[in-house]
Amino acid sequence: MRCSQFSNWFGIGITILLLSTQTLTAQQESNLTPQPVSQPGWYLGRQIARTMSYHGADWLVRGSREREEQPQKIMDALQVKPGQQVCDYGCGNGFYTLRLAQLVGPKGKVYAVDIQQEMLDILATRYEPRGIRNIHPVLATDKDPQLPAGKLDLLLMVDVYHELSYPSEVLRAIHKNLKPNGTIALVEYREEDPTVPIKPLHKMSQPQALKELTANGFKLVRQFDGLPWQHVFFFARDDSPRLSVQLIPWNPEATEE
Ligand SMILES: C[S@@+](CC[C@H](N)C(=O)[O-])C[C@H]1O[C@@H](n2cnc3c(N)ncnc32)[C@H](O)[C@@H]1O
């Protein structure tokens, strides 16, 4: 009798010990692993947009885009230098990839990343005939950019972030892909401006962008508000020597940084 009581208590003790160890491990892991999308299709209170299909790729090179986005202003704001290694993340058919390739020059490299092989195939039809050799296409998964660690001076995301199915996982990976001084340039249509003729799910507000990037190990280091329709944020790794700055709320009258 005594012996069976002892073995019962012994069994309960072992079970409690195992459970508490598992809880600790789960808590430790939650500090290390990316925060999962809280519920399918939502992240930190924002509904995630659907991925734009390659069937709509022509829209990305529409004639009115120069006027609507003023891409040269974006390029100037990036301050890219010859020889740098940069990434056009969610490159589509390369509206910005070809411009970046010109800026980094023959000694630099542009990783052109997308989850749709068809987009990369269309991109190739644009750079191969021109003999451009510094563009490196990369097929990503929806959680993993498939990029080398610690190599990037800059990662540009134009009209992409709001449609990442797993924003936290992708941001945590990019954190490792950037050099310590590297930056993400995040370009998104302004949710604050009702005159921007883009569907609400495809726009982002300043506070939302800040909330999501800071939740994943980044700090705001610069912003540019001189575009007609889009916010431009520059984020660095939170362990970067770059100084963080306060977000300046968008002002419809502002045209420059
Ligand atoms: C609206 S398009 C923008 C394309 C390009 N940045 C431009 O401005 O012309 C969004 C692109 O992001 C890509 N994309 C979506 N989710 C992605 C992910 N998790 N990783 C890489 N690319 C992704 C889509 O396949 C699509 O080509």
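**Exercise 1. Find the bridge partner of Val-113 in strand E5, then work out how E4 sits among its neighbours.**

Step 1. Start with the pairing itself: Val-113 has Val-138 as its bridge partner in E5. Keep in mind that you're looking at a predicted model.

Step 2. Now zoom out to the two strands. E4 and E5 (residues 135-139) run parallel, and five bridges join them. To get from E4 to E5, the chain goes through helix H5 (residues 117-127), and this β-α-β crossover is right-handed.

Step 3. Check E4's other partner. Strand E3 (residues 85-89) also runs parallel to E4, with five bridges between them. Here Asp-88 has Ala-112 as its bridge partner in E4. E3, helix H4 (residues 97-104) and E4 form a right-handed β-α-β unit.

**Exercise 2. Decide which residues of E4 point one way and which point the other, and how many of its residues are buried.**

Step 1. Recall the general pattern: in a regular strand, side chains alternate between the two faces of the sheet.

Step 2. Apply that to E4. Lys-109, Tyr-111 and Val-113 point one way, while Val-110, Ala-112 and Asp-114 point the other way.

Step 3. Count the burial. In E4 (residues 109-114), six of six residues are buried. So both groups are covered, and the cut-off behind that is 20 or more other C-beta atoms within 10 Å.

**Exercise 3. Track down the largest nonpolar core and say which strand gives the most to it.**

Step 1. Here's the background: in soluble globular proteins, nonpolar side chains tend to be buried together.

Step 2. Find the best-connected members. The largest nonpolar core has 48 residues, and Leu-155, Leu-156 and Met-157 touch the most other members. Strand E6 (residues 152-158) gives the most to this core, with six residues.

Step 3. Take Met-157 and skip its neighbours within four places in sequence. What's left in contact with Met-157 is Tyr-89, Gly-90, Ile-184, Leu-186 and Val-187.

Step 4. Put that next to the whole protein. Buried residues make up 32% of its 257 residues. Among contacts with a separation of 6 or more, 71% are between residues 24 or more positions apart.

**Exercise 4. Is Arg-62 buried or exposed?**

Step 1. Locate Arg-62: it's in the loop between strand E2 (46-47) and helix H2 (65-69).

Step 2. Count neighbours. Arg-62 has 10 C-beta neighbours inside 10 Å, so it counts as exposed, since the cut-off is 12 or fewer.

Step 3. Look across to Phe-95. The C-alpha atoms of Arg-62 and Phe-95 are 9.9 Å apart, although the two are 33 residues apart along the chain.

Step 4. Phe-95 also turns up around the ligand. There, 21 residues form the surroundings, and the closest are Leu-60, Gly-90, Gly-92, Phe-95 and Val-158. This shell divides into 13 nonpolar, four polar and four charged residues.

**Exercise 5. What is unusual about phi in Gln-79 and Gln-146?**

Step 1. Start from the rule: most residues other than glycine have a negative phi.

Step 2. Read off the values. Gln-79 has a positive phi of about 55 degrees, and phi of Gln-146 is positive too, near 60 degrees.

Step 3. Place them. Gln-79 lies in the loop between helix H3 (71-78) and E3, while Gln-146 is in the loop between E5 and E6.

Step 4. Check exposure. Gln-79 has 14 other C-beta atoms within 10 Å, so it's partly exposed. Gln-146 has 13 within 10 Å, so it's partly exposed as well.

Notes:
Residues are numbered from 1 along each chain as its sequence is written. This is a predicted model: local features need pLDDT of at least 70, side-chain atom pairs count only at pLDDT 80 or more; totals for chains, interfaces and linings use all residues. A residue is near a molecule or strand if its C-beta atom, placed from the backbone, lies within 6 Å of it. Ala, Val, Leu, Ile, Met, Phe, Trp, Tyr, Cys and Pro count as nonpolar, Asp, Glu, Lys and Arg as charged, and the others, Gly among them, as polar. Two residues are in contact if their C-beta atoms, placed from the backbone, lie within 7 Å. Helices (H or I, at least four residues) and strands (E, at least two) are DSSP runs, numbered from the N terminus. Two strands pair if DSSP finds at least two bridges between them. A crossover is right-handed if, with the strands pointing away from the viewer, the path from the first strand over the helix to the second runs clockwise. A nonpolar core is a set of buried Ala, Val, Leu, Ile, Met, Phe, Trp, Tyr and Cys residues joined through C-beta atoms within 7 Å.
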